[in-house]
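Me: I would like a close look at one strand in the middle of a predicted model. Please take it residue by residue, then move outward to whatever packs around it.

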Amino acid sequence: MDTKELLKKVRKIEIKTRRLSDHIFGGEYHSTFKGRGMTFSEVRQYQYGDDVRNIDWNVTARYNEPHIKVFEEERELTMMLMVDISGSEWFGTEQQFKNEIITEIAATLAFSATQNNDKIGLILFTDTIELYIPPKKGRFHVLRIIRELIEFKPKSKKTDITQALQFLSGVMKKKAIVFLLSDFIADDYKQTLKIAANKHDITGIRVYDKREESIPNLGMVQMQDEETGEYMLVNTASKRIRTDYSKYHLERVSYFKDTFSKSGAGTIDCRVDESYVTKLLGYFKRRE
């Protein structure tokens with residue numbers, strides 16, 4: 001992809017996702033993810049309707065009229081976007097690949113955080129950490145994140161969620177809002193998720209295609225494993241093969257939901273042909 005085409009694509013995603021974050025998600029994000037508490041701001045004269053519990057008695061005695069302490073939410077937070085860029089994300093039978101939807105969701109979340117003056121960082125992972133961008137503020141920083149999501153070429157096609165979570169725990173010493181975006185066709189990340197979720201506010205966003213839920217009867221079909229590159233002939237006319245495939249998919253989904261739930265982390269399921277806007281809004285409202 002040449003520079004002109006890349007910039008055009010970044011701009012297109014910015015226009016779409018920024019509009020969503022400005023008009024829809026900004027307020028929802030702010031009310032869902034609270035700051036670290038309230039911090040003292042100033043003392044002013046008491047006004048009718050003020051909470052009497054906030055009266056500053058020392059200042060009141062000095063000026064012989066009631067004054068109250070004003071507090072503000074200590075807002076600044078850090079959002080970490082952890083994005084699976086393994087081979088299986090380059091799959092889609094609808095109009096978009098999974099990785100394209102993931103990019104749009106990540107951009108929308110990033111602009112929502114920027115609107116609230118929070119920092120945003122990025123971890124791109126496969127079975128290794130492919131790229132780490134430390135948290136910073138601002139539109140240009142978000143545009144860099146979008147650019148990397150669009151054009152970054154991973155060295156590996158495999159997935160290791162455990163290693164990504166271990167890296168997160170190593171680089172983020174303070175509590176962060178973490179969105180882990182993947183198709184979660186993986187397992188064995190239960191213990192590392194539990195450790196990370198004890199420290200951070202984690203949400204897993206599972207992006208998947210409807211064709212990953214079941215295989216249609218198409219007879220003998222050549223298929224490729226996107227993570228290993230291996231080709232194989234699959235007899236999709238076999239009921240046992242179709243049943244085994246559906247069972248494997250359900251096991252991965254069940255592992256994802258159970259593991260996140262037991263760790264105290266949130267989950268969002270988003271199929272590529274569904275509205276991620278509806279999914280995100282529903283999740284934010286449930287959490288308020």
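Reply: Two strands count as paired if DSSP finds at least two bridges between them. With that in hand, start from strand S3, residues 78–84, in this predicted model.

In S6, the bridge partner of Leu 81 is Phe 179. Met 82 has its own partner there, Leu 180. In total, 5 bridges join S3 to S6 (residues 177–182), and the two strands run parallel. S4 (residues 119–125) also pairs with S3 in the parallel sense, over 7 bridges. Here Val 83 stands opposite Leu 124.

Now the wider sheet. It is open, has 6 strands and mixed pairing, and its order is S5-S4-S3-S6-S7-S10. The edges belong to S5 (129–136) and S10 (266–271). Each edge strand has a single partner strand, so one side of each lacks a neighbour in the sheet. On average, neighbouring strands are turned by 15° against each other, direction ignored.

Next, burial. S3 is mostly covered, with 7 of its 7 residues buried. In a regular strand, side chains alternate between the two faces of the sheet. In S3, Thr 78, Met 80, Met 82 and Asp 84 point one way. Met 79, Leu 81 and Val 83 point the other way. Both sets are buried.

Follow Val 83 further. Leaving aside neighbours within four places in sequence, Val 83 is in contact with Ile 102, Leu 122, Ile 123, Leu 124, Phe 125, Leu 149 and Leu 181. Leu 81 and Val 83 also belong to the largest nonpolar core, which has 46 residues. They are among the members that touch the most other members, together with Ile 105, Leu 109, Ile 146, Phe 179 and Ile 205. Helix H3 (residues 98–115) gives the most to this core, with 9 residues. A second, separate core has 23 residues, including Ile 161, Ala 176, Ala 196 and Phe 260.

Then the helices. H3 packs with H4 (residues 139–151) at an angle of about 170°, their axes 10 Å apart. That angle is why H3 counts as roughly antiparallel to H4. From H3, the contact uses Thr 103, Ala 106, Ala 107, Ala 110, Phe 111 and Thr 114. From H4, it uses Arg 139, Val 142, Leu 143, Ile 146, Leu 149 and Ile 150. By class, the H3 contact with H4 has 9 nonpolar, 2 polar and 1 charged residues. Two names return here. Ile 146 of H4 is in the contact with H3, and Ile 146 is also one of the most connected core members. Leu 149 of H4 is in that contact as well, and Leu 149 touches Val 83.

H4 also lies across S3, S4 and S5, running at about 15° to S4.

Finish at S5, with Ile 133. Its relative accessibility is 1%, so Ile 133 counts as buried. Leaving aside neighbours within four places in sequence, Ile 133 is in contact with Gly 121, Leu 122, His 141, Arg 144, Ile 145 and Glu 148. Leu 122 is a contact of Val 83 too. Back to S3 for the last step: Ile 133 and Met 80 are 53 residues apart in sequence and 9.4 Å apart in space, C-alpha to C-alpha.

Conventions
Residues numbered from 1 in each chain as written. Predicted model: local features only at pLDDT ≥ 70, side-chain atom pairs only at ≥ 80, totals over all residues. Heavy atoms only, no water. Buried < 20%, exposed > 50% of the residue type's maximum accessible area, 1.4 Å probe, protein only. Helix = DSSP H or I, 4+ residues; strand = E, 2+ residues; numbered from the N terminus. Core = buried A, V, L, I, M, F, W, Y, C linked by side-chain atoms within 4.5 Å. Contact = heavy atoms within 4.5 Å. Axes fitted to C-alpha atoms, helices over the stretch in contact; angles between N-to-C directions. Parallel < 35°, antiparallel > 145°, perpendicular 65-115°, else oblique. Nonpolar A, V, L, I, M, F, W, Y, C, P; charged D, E, K, R; others polar.
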